[in-house]
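The following exercises are to be worked with the sequence and the coordinates at hand. Each task is followed by a solution in steps.

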There are 2 protein chains.
Amino acid sequence: MKVKYELDKKDGNARLGKLHTNHGTVITPMFMPVGTCATVKTLTPEQVKECGSGVILSNTYHLWLRPGEDIVDKAGGLHQFMNYDGPILTDSGGFQVFSLAKNKKKDIVEEGVHFKSHIDGKKLFLTPELSIEIQNKLDSDIAMSFDECIPPNSTYEYTKNSTERTLRWAKRGKEAFNNEKQSLFGIVQGGSFEDLRKYSALETVKMDFDGYAIGGVAIGEEKDVTYNMIDYSIKYLPEDKPRYLMGVGEPLDILEGVKQGVDMFDCVLPTRLARHGNAFTREGKINLKNAKFKEDFTPIENDCDCYACKNYTKAYVKHLITCNESLGGTLLSIHNIRFLIKMMEEIREAIKEDRFIEYKEEFTKKYTN
Amino acid sequence: MKVKYELDKKDGNARLGKLHTNHGTVITPMFMPVGTCATVKTLTPEQVKECGSGVILSNTYHLWLRPGEDIVDKAGGLHQFMNYDGPILTDSGGFQVFSLAKNKKKDIVEEGVHFKSHIDGKKLFLTPELSIEIQNKLDSDIAMSFDECIPPNSTYEYTKNSTERTLRWAKRGKEAFNNEKQSLFGIVQGGSFEDLRKYSALETVKMDFDGYAIGGVAIGEEKDVTYNMIDYSIKYLPEDKPRYLMGVGEPLDILEGVKQGVDMFDCVLPTRLARHGNAFTREGKINLKNAKFKEDFTPIENDCDCYACKNYTKAYVKHLITCNESLGGTLLSIHNIRFLIKMMEEIREAIKEDRFIEYKEEFTKKYTN
């Protein structure tokens with residue numbers, strides 16, 4: 001079955017809905033933790049679920065290199081391989097080609113992208129067809145089209161050419177697609193240019209994907225540019241399909257995305273922050289390495305209902321981080337993922353009660369104070 | 001309350017019994033996983049318990065340096081600090097002074113040991129009184145006397161002097177001891193010399209500790225020497241007190257210890273092996289880094305009832321280890337700890353049914369084949 005989006009209610013442009021998948025129904029808007037190498041770093045699938053997580057994201061590029069899609073296929077697909085029975089979305093590898101390619105050198109041709117492995121420098125060539133073939137074998141619930149994620153501040157001409165090529169790649173990927181149970185999302189690109197975003201959105205929608213993503217956002221540009229990029233894209237997306245803002249996990253960016261009508265978010269932020277000792281709190285981020293937490297026997301965040309906050313103190317987490325004990329990263333990952341997922345729960349409640357804008361303002365005020 | 005040992009049954013010298021502590025009763029013989037820095041590496045306390053674990057061990061030396069015993073004390077003691085409500089044993093720091101002291105340089109004087117921190121090279125001075133004071137503050141269920149752990153192949157003269165000093169240190173520690181709820185174990189030393197082991201055992205027992213450990217064993221000497229060291233010591237220990245063979249976690253050594261009447265074992269082996277990709281199996285150790293496991297979709301060990309074996313394949317664990325994902329270490333730690341604890345369960349069953357020697361032989365044959 002392909003995923004199906006059901007719109008339940010709107011509050012302004014913010015949408016409350018359901019995404020039905022082969023591995024269960026999730027309520028949107030929602031946040032997807034990232035399990036790059038078929039594992040949400042430092043966590044068991046049970047720990048991820050305990051955070052209230054629904055869909056998780058895994059990376060085509062990483063799984064292509066290790067262990068290889070054929071091994072995942074032989075294992076019975078990604079769910080079986082990593083022991084996760086909830087929905088899984090795989091990205092296309094497009095973003096990683098651009099962010100991880102060795103020495104950032106890559107050669108983009110019409111056929112695909114030549115680049116070098118970030119692990120051993122081996123020459124690699126990824127095409128839209130290959131990206132789809134890998135994802136078909138990984139057997140995630142949702143596959144993504146292969147796109148070029150262009151750097152911020154790209155010229156109009158470069159962006160225009162890239163956007164057109166990404167459309168051609170989307171078409172080629174869709175034609176190569178061959179997995180009955182899997183869904184395929186298209187990705188809107190177009191950089192920061194209003195007309196190119198519109199063009200990309202309209203042309204992508206014409207191809208009739210199972211859902212639409214907004215790509216190339218929040219990768220270094222200014223906040224207002226980011227927010228405009230969402231606006232330029234989302235207004236051309238159909239109401240009856242899910243909308244996914246790729247790579248966005250900063251709480252305030254999520255709130256802005258929801259305001260504009262986004263249903264799905266993903267980001268490595270909660271787990272990456274955790275590994276560096278950082279925790280989300282309603283009053284902004286804190287770093288547990290800070291000496292002031294040495295004798296702080298309160299939870300990471302008061303009133304948080306996560307496993308870490310219910311059972312451990314800042315002093316203990318600080319101790320673990322100081323001693324380089326992986327349980328520190330585990331506890332902070334649990335807290336940070338739960339933080340974003342709890343926020344999504346509150347966002348959905350607010351939309352239901354037509355007070356999303358008030359919620360957004362209140363959250364922002366507290367968070368930035 | 002001090003710990004209380006209850007002997008239920010003997011099969012040869014192997015003992016089946018119970019150890020009553022302030023944090024529950026555990027059945028012996030048993031294996032204690034090690035949580036050096038107030039965390040069993042890569043695991044939550046719930047995961048440790050799921051392995052069937054009772055007592056865990058934590059390290060006085062490490063906790064003295066980080067976070068410091070006063071912080072643990074202010075947190076309400078070690079149980080509270082690390083969220084573990086089962087029994088905890090703390091070692092005295094003696095072994096770490098000798099194994100971890102920076103550049104292995106140390107200066108042993110009658111008063112204690114001068115050495116340098118393995119973290120920052122800071123000058124440190126640990127005495128029997130200080131070791132006990134730290135442990136009193138950590139508030140573990142069982143504290144250990146401060147001893148000198150001498151290198152294998154020490155001369156008779158060195159060993160004799162050291163053994164006598166360790167006895168004086170034990171006495172000083174016992175006098176300094178000040179925690180009503182905590183128990184204190186003495187440690188038998190004496191190197192590989194029969195008369196010194198006997199002397200050390202008899203003199204330590206005279207001081208009337210709550211339990212007795214055999215120290216300085218399995219730190220590099222030959223198997224038969226190790227086994228003799230146990231024999232030279234254990235025959236002088238009282239039947240009504242628990243006996244603890246320190247730092248022993250190799251399955252065959254545990255079996256030998258049980259045969260001679262040991263009740264308690266601890267070792268970093270299961271978690272350390274795990275971090276290097278190794279797993280215990282009934283047919284000996286395997287290394288999951290081995291290419292042959294790439295497409296092996298069977299569990300780490302067939303018929304194992306641990307969380308890792310019930311839910312994951314060798315291929316997946318190998319993938320995690322290859323990608324340096326900490327979940328790999330978590331899964332292997334769970335398996336390895338469960339392996340030893342399951343073995344202890346079987347050992348207890350065998351003692352109950354008067355077939356311990358058969359069990360030992362069968363296990364050994366399979367394990368070394």
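**Exercise 1. Symmetry of the two chains**

Task: Determine by what turn and what shift chain B can be laid on chain A, and name the relation that results.

Solution. The model is a predicted one. Step 1: superposing chain B on chain A requires a turn of 180° and a shift of 0.0 Å along the axis, and leaves an RMSD of 0.0 Å. Step 2: such an operation is the relation of a two-fold axis. Step 3: to locate the axis with respect to chain B, take the C-alpha nearest to it, which belongs to Ser326(B) and lies 3.7 Å from the axis.

**Exercise 2. The interface between the chains**

Task: State how many residues of chain B are in contact with chain A, and which helices of chain B supply at least two residues each to the side that touches chain A.

Solution. Step 1: counting pairs whose C-beta atoms, placed from the backbone, lie within 7 Å, one finds 29 residues of chain B in contact with 29 residues of chain A. Step 2: the elements of chain B that each supply at least two residues to this side are α3 (69-74), α4 (78-82), α13 (314-322) and α14 (326-352). Step 3: α13(B) gives the most, with 5 residues. Step 4: sorted by class, the side of chain B that touches chain A consists of 14 nonpolar, 9 polar and 6 charged residues. Step 5: the copies meet through the same surface, because 100% of the interface residues of chain B are also interface residues in chain A.

As to confidence, the predictor assigns the complex an ipTM of 0.97 and a pTM of 0.98. For chain A, the mean pLDDT is 96, and 100% of the residues reach 70 or more.

**Exercise 3. The two domains of chain A**

Task: Give the domain bounds in chain A and describe the side of domain 1 that touches domain 2.

Solution. Step 1: the domain assignment divides chain A into domain 1 (4-267) and domain 2 (268-369). Step 2: the C-alpha centres of these two domains of chain A are 26 Å apart. Step 3: the contact involves 29 residues of domain 1 and 30 residues of domain 2 of chain A. Step 4: on the side of domain 1, at least two residues each come from β1 (4-11), β2 (14-21), β4 (30-33), α1 (45-50) and α10 (251-260) of chain A. Step 5: α10(A) gives the most to that side, with 5 residues. Step 6: the residues of that side divide into 17 nonpolar, 6 polar and 6 charged.

**Exercise 4. An open sheet in chain B**

Task: Establish the strand order of the sheet that contains β1, β2 and β3 of chain B, and find which helix packs on it.

Solution. Step 1: the sheet is open, has 3 strands in the order β1-β2-β3 (chain B), and is paired antiparallel. Step 2: its edge strands, each pairing on one side only, are β1 (4-11) and β3 (24-28) of chain B. Step 3: with direction ignored, neighbouring strands are turned by 15° against each other on average. Step 4: β1(B) pairs with β2(B) (residues 14-21) in the antiparallel sense over 7 bridges. Step 5: in this pairing Glu6(B) has Lys18(B) as its bridge partner, and Lys4(B) stands opposite His20(B). Step 6: the helix that packs on the sheet is α14(B), which touches β1, β2 and β3 of chain B and whose direction makes about 120° with that of β2(B). Step 7: β1(B) and β2(B) form a hairpin with 2 residues between them, and Gly12(B) in the turn has a positive phi of about 65°.

**Exercise 5. An open sheet in chain A**

Task: Identify the edge strands of the sheet formed by β7, β8 and β9 of chain A.

Solution. Step 1: the order in this open sheet of 3 strands is β7-β8-β9 (chain A), with antiparallel pairing. Step 2: β7 (106-108) and β9 (123-126) of chain A each have a single partner strand, so one side of each is left without a neighbour in the sheet. Step 3: the twist from one strand to the next averages 20°. Step 4: β8(A) (residues 113-116) is joined to β9(A) by 4 bridges, and His114(A) has Phe125(A) as its bridge partner there.

**Exercise 6. Backbone geometry in loops**

Task: Locate the cis peptide bond from Thr28(A) to Pro29(A), and the residue Asp354(A).

Solution. Step 1: the bond from Thr28(A) to Pro29(A) has omega near 0°, and Pro29(A) lies in the loop between β3 (24-28) and β4 of chain A. Step 2: Asp354(A), although not a glycine, has a positive phi of about 50°; its place is in the loop between α14 (326-352) and α15 (356-368) of chain A.

Technical notes. Residues numbered from 1 in each chain as written. Chains lettered and ligands numbered in written order. Predicted model: local features only at pLDDT ≥ 70, side-chain atom pairs only at ≥ 80, totals over all residues. Nonpolar A, V, L, I, M, F, W, Y, C, P; charged D, E, K, R; others polar. Domains from an automatic or database assignment. Least-squares fit on C-alpha atoms with pLDDT ≥ 70 in both. pLDDT = per-residue confidence, 0-100. Pairing = 2+ DSSP bridges. Axes fitted to C-alpha atoms, helices over the stretch in contact; angles between N-to-C directions.
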